[in-house]
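Biologist: I am new to this structure. Please take one part and walk me through it closely, then show me what lies around it.

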Amino acid sequence: MKKIAIFPGSFDPYTNGHHDIVMRGLKMFDEIIIGIGYNSSKKNRYFDIDLMVKKIESVYENEPRVKVLVYNELTSSLAKKIGADFLLRGLRNTTDFEYENTISQMNRKLKKDLETVFLITSPQYSAITSTIIREVHKFEINVNEYLPYDLES
């Protein structure tokens, strides 16, 4: 049976840290779906969602085991729909763990066979957050060194 994982997030923007988690996850899973979800607590995106889809797809154009989709439902519902039994998440620190653990428990309650796999962020990416990237970008500073694609092209 194929091991399919969803890597869910708002990815506003998708960073080198996210890319690192996906590449490491490919050692464990047959397919990874990068699921760009609409987070109801984040009212407005900074980067257009269609732009992010295009940029992320360009990163994996030669990796057929990675797909990108946009969804507007519970992640556990998406997992049921596409036959994924795993969620892939990255952890930078204990604060991330506390937040992610709570979500993981609820996802498991909603879909009992849905396992969340946590990967510890590689040290060189632990200080990178989408929030920080957005803030720096607002001041017209080039952020491409933090992204696996060229944002300006």
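Modeller: What follows starts with one helix and then moves on to charged pairs, a surface patch and rings. Keep in mind that this is a predicted model.

Start with helix α3, which spans residues 75-82. Which of its residues are buried? They are Thr-75, Ser-76, Leu-78 and Ala-79. These four cover an arc of only 160 degrees around the axis, so they sit on the same side of α3. A general rule helps here. An α-helix has 3.6 residues a turn, so residues three or four places apart point the same way.

Now turn the helix around. The face of α3 turned away from the buried side carries Lys-80 and Lys-81, and both are exposed. What covers the buried residues? The cover includes three strands, β1 (4-9), β3 (66-71) and β4 (86-91). Helix α4 is also part of that cover. Just after α3 comes Gly-83, with a positive phi of about 75 degrees.

Follow the chain into the loop between α3 and β4, where Asp-85 lies. Its side chain meets that of Lys-111 in a salt bridge, 3.1 Å from N to O. Lys-111 belongs to the loop between α4 and β5 (115-120). The two residues are 26 apart, and the pair links distant parts of the chain. Are they buried or exposed? Asp-85 and Lys-111 are both buried.

Next, look at α4, which covers residues 94-110 and includes Met-106. Met-106 joins Leu-74 and Leu-110 in a nonpolar surface patch of about 280 Å². Why can Met-106 take part in a surface patch? Patch residues need over 30% relative accessible area. Met-106 is partly exposed at 48%, so this residue passes that cut-off.

Strand β3, part of the cover over α3, has a charged link of its own. Lys-67 lies in β3, and Glu-31 lies in strand β2 (residues 31-37). Their side chains meet in a salt bridge of 3.7 Å, N to O. The partners are 36 residues apart in sequence, so the pair ties together separate parts of the chain. Glu-31 is buried, at 9% relative accessibility. Lys-67 is partly exposed, with a relative accessible area of 39%. Lys-2 enters the picture too: salt bridges that share partners join Lys-2, Glu-31 and Lys-67 into one network.

Compare a pair within one helix. Arg-24 forms a salt bridge with Asp-20, and the closest N and O atoms are 3.1 Å apart. Both residues lie in helix α1 (residues 16-25). They are four residues apart there, so about one helical turn separates them. Arg-24 is partly exposed at 24%, while Asp-20 counts as buried at 14%. The whole structure holds twelve salt bridges, and the ones described here are among them.

Finish with the rings. How many aromatic pairs does the structure hold? There are six. One of them joins Tyr-46 and Phe-47. Their ring centres are 4.7 Å apart, and the planes meet at 85 degrees. Planes over 60 degrees apart count as edge-to-face, so this pair is edge-to-face. Tyr-46 is partly exposed, with a relative accessible area of 31%. Phe-47 is buried, at 5%. Elsewhere, ring pairs link Phe-7, Phe-11, Tyr-14 and Tyr-60 into a cluster.

How values were computed. Residues numbered from 1 in each chain as written. Predicted model: local features only at pLDDT ≥ 70, side-chain atom pairs only at ≥ 80, totals over all residues. Heavy atoms only, no water. Phe/Tyr/Trp six-rings, centres within 6.5 Å; stacked < 30°, edge-to-face > 60°. Buried < 20%, exposed > 50% of the residue type's maximum accessible area, 1.4 Å probe, protein only. Patch = residues over 30% accessible without salt bridge, like charges linked within 9 Å, V, L, I, M, F, W, Y side chains within 5 Å. Areas by Shrake-Rupley, 256 points an atom, 1.4 Å probe, with all protein chains shown as cover. Salt bridge = Lys/Arg side-chain N within 4 Å of Asp/Glu carboxyl O. Arc of directions from axis to C-beta. Contact = heavy atoms within 4.5 Å.
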